[in-house]
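User: I would like to learn how to read a structure like this one, going through it feature by feature. Could we begin with what it means for a residue to be buried?

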Amino acid sequence: MPKVYNWQLGREMEYPYEGARPQKQFAMIFDINKCIACQTCTVACKTTWTAGRGQEAMFWNNVETKPYGYYPLGWDVKILEKLGVQDMDGPVYRGKTLFDAAPGGEVVLGYLPEDIDYAHPNIGEDDSTGLMPQGIHLTLPHTQWMYYLPRICNHCTYAACLSACPRQSIYKRKEDGIVLLDQSRCRGYRECVKACPYKKVYFNTQTRVSEKCIGCYPAVEGGRQTQCTITCIGKIRIQGFLGKPDAPDPDNPLDYLVLIKRLALPLYPQFGLEPNTYYIPPVHVPPPYLRQMFGWGVEQAVEAYARVREDPKLLGALTLFGATPEISHYFRVDGGWVMGYDAKQAEIVRVPLREPTLVRELYDVKHRAYRTNIT
Amino acid sequence: MARARYYPGTPQGITRMWFNGYMATPGSVKGHETREDGAAKNQVTQYQALFRYGGHQSLTRSSLKPTHQTHTLITRKSWSNEVTRGFNVDVHCVTSAPRESIARFAKAEDGGLGGKGLWRPVALGLRPAAENDAMKQYLGGGFVRISKA
């Protein structure tokens, strides 16, 4: 098997195809601390792409409550159990990837969920860990905890779905790294469904072929962020592109947050797929669980997030989240403002780092009325 | 009468009820009392209630809450744990839903078809208070080994 370099693991690993990075990589960052699981993203995706027959239980974008929420049922518990306990000491991963752990004759370790596993897309909603005794009070990390995990296809650099397809129906676009499935080539063997550890490829029971998140490529090609990103009412997401992992651009907000500041971390990097959706970890969750989910570096990310006010550039990058429907290829912080720029370096958005406060007069002379909403 | 499931997020003796919009109607009550399977379903319109009798509002005595005139009442302030005295919108105004009520719970029967068996996610060990070994390991971050803190 060819050797490819996985920057998230800090080492080379085996992958069935030669490594060929796209010119730029579709990527998304989620600030988990801001997600309230309103499911607006889920509905935006559903109404845009999966409103048809055979797609009833299919959510290319879903938001699940961790740790008791999973779509499909138990997906991460099952694959972690199959992979077994692995070393998670950085900065080089010494454990096995899913490719390393593949059974004989297969390219990647996986499992095929049962149809009924998709029956409860929002199971575990708001369920927290442990018992809530009388007199409990908040500490960090929380003794009883839960958080919301929004998920789309990770458009992995080393996609397991792509590697497992016996018909080469799945491909990764060289211009933006979006992973697509050619439904006219697909014969519905579900090897991709079995292989993807994140279970983000879905079998359509009506068309009898598989389908998956397409990264809203018609929007992205036009310089617009995905539906799930621009509809997010909590402004928890930003979608853009990652550059070269070995030469990050400090003016690209995604490069800055992921590759330079390491504030946003990949989901289950130990699987070895180099997933390209990144998460700012929740500050209130016990670190061992977070390390299991996001790898080493979570403690540093939580610490950096607590001090973000002291770092105008970092605050600026976070302020761009949800600030514009267009893709910010570059950003700059100057004079208390953050500016986002498109691919041609034209300014597309300008946001103050500190929201201005306006105190209105109690008596409105023009309307001859007293205001009751003054602060 | 509503279907309940185990929820660990509140102290013992305190529970919560939400997303229960489909209250009982005369048709659904009739369905429950006459159908062989006892489902609270209107046989004409097929409306399926979440309650056999009553609804979310059953926990209030009337459209006005029992506490609507008690300006000296000590209550918990909305959106906080601060205990305050006197007027509170969620307590004293008509908001169409009870904020906090005192209720007595009694179990009618086991859930599931015919009251038999466990709900599949519980049987698989993936629900709170019914975790299997893998789930317990997962909750503690036990699928990774960390030698350097």
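Analyst: A residue is called buried if 20 or more other C-beta atoms lie within 10 Å of its own. Please keep in mind that this is a predicted model. With that cut-off, α8(A) is mostly covered, since 6 of its 8 residues are buried, namely A:Y289, A:L290, A:R291, A:Q292, A:M293 and A:F294.

User: Which elements do the buried residues of α8(A) pack against?

Analyst: They pack against β12, β13 and α9 of chain A, and also against α4 and β3 of chain B. Just after the helix, A:G295 takes a positive phi of about 85°.

User: How many residues does each chain bring to the contact?

Analyst: Chain A brings 28 residues and chain B brings 24 residues. On the side of chain A that touches chain B, the elements giving two or more residues are α2, β5 and α8 of chain A, and α8(A) gives the most, with 4 residues. Sorted by class, that side of chain A has 14 nonpolar, 8 polar and 6 charged residues.

User: In which sense do β5(A) and β3 of chain B pair?

Analyst: The general idea is that strands of a sheet pair through backbone hydrogen bonds, either parallel or antiparallel. Here β5(A) and β3 of chain B, residues 144–145, pair in the parallel sense over 2 bridges, and the bridge partner of A:Q86 is B:V144.

User: Why is helix α7 of chain A described as largely enclosed?

Analyst: The same count of neighbours is used for this helix, residues 253–260: 7 of its 8 residues are buried, so α7 of chain A is largely enclosed by the rest of the structure. Among the buried residues are A:P253, A:D255 and A:Y256, and the buried residues of α7(A) pack against β3, β11, β13, α10 and β14 of chain A. Just after α7(A), A:R262 takes a positive phi of about 55°.

User: What is the order of the strands in the open sheet of chain A?

Analyst: Its 3 strands come in the order β14-β15-β16, with antiparallel pairing, and the edge strands β14 and β16 of chain A each pair on one side only. Neighbouring strands of this sheet are turned by 20° against each other on average, direction ignored. Between β14(A) and β15 of chain A there are 5 bridges, and one pair of bridge partners is A:D334 and A:W337.

User: Which helix lies across these strands?

Analyst: That helix is α10(A), which lies across β14, β15 and β16 of chain A and runs at about 130° to β14(A).

Notes: Residues are numbered from 1 along each chain as its sequence is written. Chains are lettered from A and ligands numbered from 1 in the order in which they are written. This is a predicted model: local features need pLDDT of at least 70, side-chain atom pairs count only at pLDDT 80 or more; totals for chains, interfaces and linings use all residues. Two residues are in contact if their C-beta atoms, placed from the backbone, lie within 7 Å. Ala, Val, Leu, Ile, Met, Phe, Trp, Tyr, Cys and Pro count as nonpolar, Asp, Glu, Lys and Arg as charged, and the others, Gly among them, as polar. Two strands pair if DSSP finds at least two bridges between them. A residue is buried if 20 or more other C-beta atoms lie within 10 Å of its own, exposed if 12 or fewer, and partly exposed in between; C-beta atoms are placed from the backbone. Axes are lines fitted to C-alpha atoms, for helices over the stretch in contact, and angles run from 0 to 180 degrees between N-to-C directions.
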